[in-house]
Amino acid sequence: CIRDSLYPQGASCQLCGDMRMAVEKYALCEKCMQEMEGEKVPAGACDRCLSPVRRGKKCAMCASGHMKDIEKCYAPFCYHKTVRKAVHELKFQQNASFLEYLCEKMTDALIDRDFDVICPVPLSRQRMEKRGKNQSRLLAGGVALRTGMPVSDLLIRTGNQKPQSRTPLEKRAMNVKDCFQCVSEEGKGKRILLVDDVRTTGSTAQACAKTLKAAGAKSVCLCTLAVVYRNPKKFRQLKGGAYQGSLYMLSH
């Protein structure tokens with residue numbers, strides 16, 4: 001059966017390739033899963049956008065209004081080491097064998113589930129043809145399976161902009177400006193959960209949310225697998241306390 005081919009008994013870990021026996025359900029070894037658990041977003045992050053918080057102050061992301069059209073963000077992990085490798089495998093190597101684990105963790109992080117529809121962040125037609133799949137659509141499907149919420153491709157990406165990962169941080173908002181188009185009225189008056197793989201500056205998510213709201217969406221929240229931080233080591237040391245010192249979001 002398909003499950004046996006994806007998760008064969010005694011198979012090596014599909015992420016690190018080690019011959020340690022992979023956990024059958026996830027196709028991952030215990031070591032890789034433990035490493036990802038160690039990269040969880042701390043409880044001390046901003047409860048609205050998951051950015052670092054200086055004690056007694058608003059986080060820089062909320063203060064700047066950079067993601068003003070997104071009501072709330074959810075993510076299980078920091079984008080670092082093993083988590084980063086998992087994203088790259090899913091995104092560029094067409095390795096979706098451990099997708100079940102990633103989607104389960106995203107769903108666990110989704111503490112509020114009062115949404116009408118899930119909308120994946122779209123790829124450009126050229127990038128879709130090159131990769132053969134949209135990793136955000138795969139993640140959205142996994143979250144939908146676990147929550148019962150429907151998935152709808154409400155957006156398309158117009159043109160073929162330079163990838164955000166290869167765009168300077170200060171130019172990312174301009175790079176995605178007006179590059180999304182709403183192609184369905186299904187989101188009108190609805191509470192939408194936008195799903196993507198990684199959030200760095202939030203520019204892509206904000207551009208999507210702005211387009212959805214202009215088309216009549218009631219609200220837009222964001223769920224990603226990971227959030228990028230400049231100093232993940234300090235992140236792990238905080239154990240849920242409020243942020244102090246010189247820890248900032250990558251975009252600031």
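Helices here are DSSP runs of H or I with at least four residues, numbered from the N terminus. With that in hand, we can look at helix 4 and what comes after it in this predicted model. Helix 4 is followed by Gln94, which has a positive phi near 55°.

**Helix 4 and its surroundings**

Helix 4 covers residues 81-92, 12 residues in total, and spans 16 Å from its first C-alpha to its last, close to the expected 16 Å. Which residues of helix 4 are buried? They are Thr82, Val83, Ala86, Val87, Glu89 and Leu90. Viewed down the helix axis, these buried residues fall within an arc of 160°, so they line one face of helix 4. The general background is handy here: an α-helix has 3.6 residues a turn, so residues three or four places apart point the same way. The cover over the buried residues of helix 4 includes helix 2 (30-37), helix 5 (99-109) and helix 7 (135-147), along with strand 2 (77-78), strand 6 (191-199) and strand 7 (219-227).

**Aromatic pairs**

Now to the rings. The count comes to 2 aromatic pairs, set out below.

| Pair | Centre to centre | Angle between planes | Geometry |
|---|---|---|---|
| Tyr26 and Tyr101 | 5.2 Å | 75° | edge-to-face |
| Tyr74 and Phe115 | 6.4 Å | 85° | edge-to-face |

The pair of Tyr26 and Tyr101 links distant parts of the chain, 75 residues apart: Tyr26 sits in the loop between helix 1 (2-6) and helix 2, while Tyr101 belongs to helix 5. Both Tyr26 and Tyr101 are buried.

Tyr74 lies in strand 1 (residues 73-74) and Phe115 in the loop between helix 5 and strand 3 (117-120), so their pair ties together parts 41 residues apart in sequence. Are these two residues buried or exposed? Tyr74 has 4% relative accessibility and counts as buried. Phe115, at 11% relative accessibility, counts as buried too.

**Confidence**

A few words on how far to trust the coordinates. The chain averages a pLDDT of 83, and 79% of the residues score at least 70. Among the elements of the chain, strand 3 has the highest mean pLDDT, 98, and helix 1 the lowest, 45. Residues 1-9 have a pLDDT below 50, and this stretch makes 10 contacts in the model beyond near neighbours in sequence. Residues 237-252 are also below 50, with 47 contacts beyond near neighbours in sequence. Where pLDDT is low, the predicted coordinates should not be read in detail.

Note on methods:
Residues numbered from 1 in each chain as written. Predicted model: local features only at pLDDT ≥ 70, side-chain atom pairs only at ≥ 80, totals over all residues. Heavy atoms only, no water. Helix = DSSP H or I, 4+ residues; strand = E, 2+ residues; numbered from the N terminus. Expected span 1.5 Å × (residues − 1). Buried < 20%, exposed > 50% of the residue type's maximum accessible area, 1.4 Å probe, protein only. Arc of directions from axis to C-beta. Contact = heavy atoms within 4.5 Å. Phe/Tyr/Trp six-rings, centres within 6.5 Å; stacked < 30°, edge-to-face > 60°. pLDDT = per-residue confidence, 0-100.
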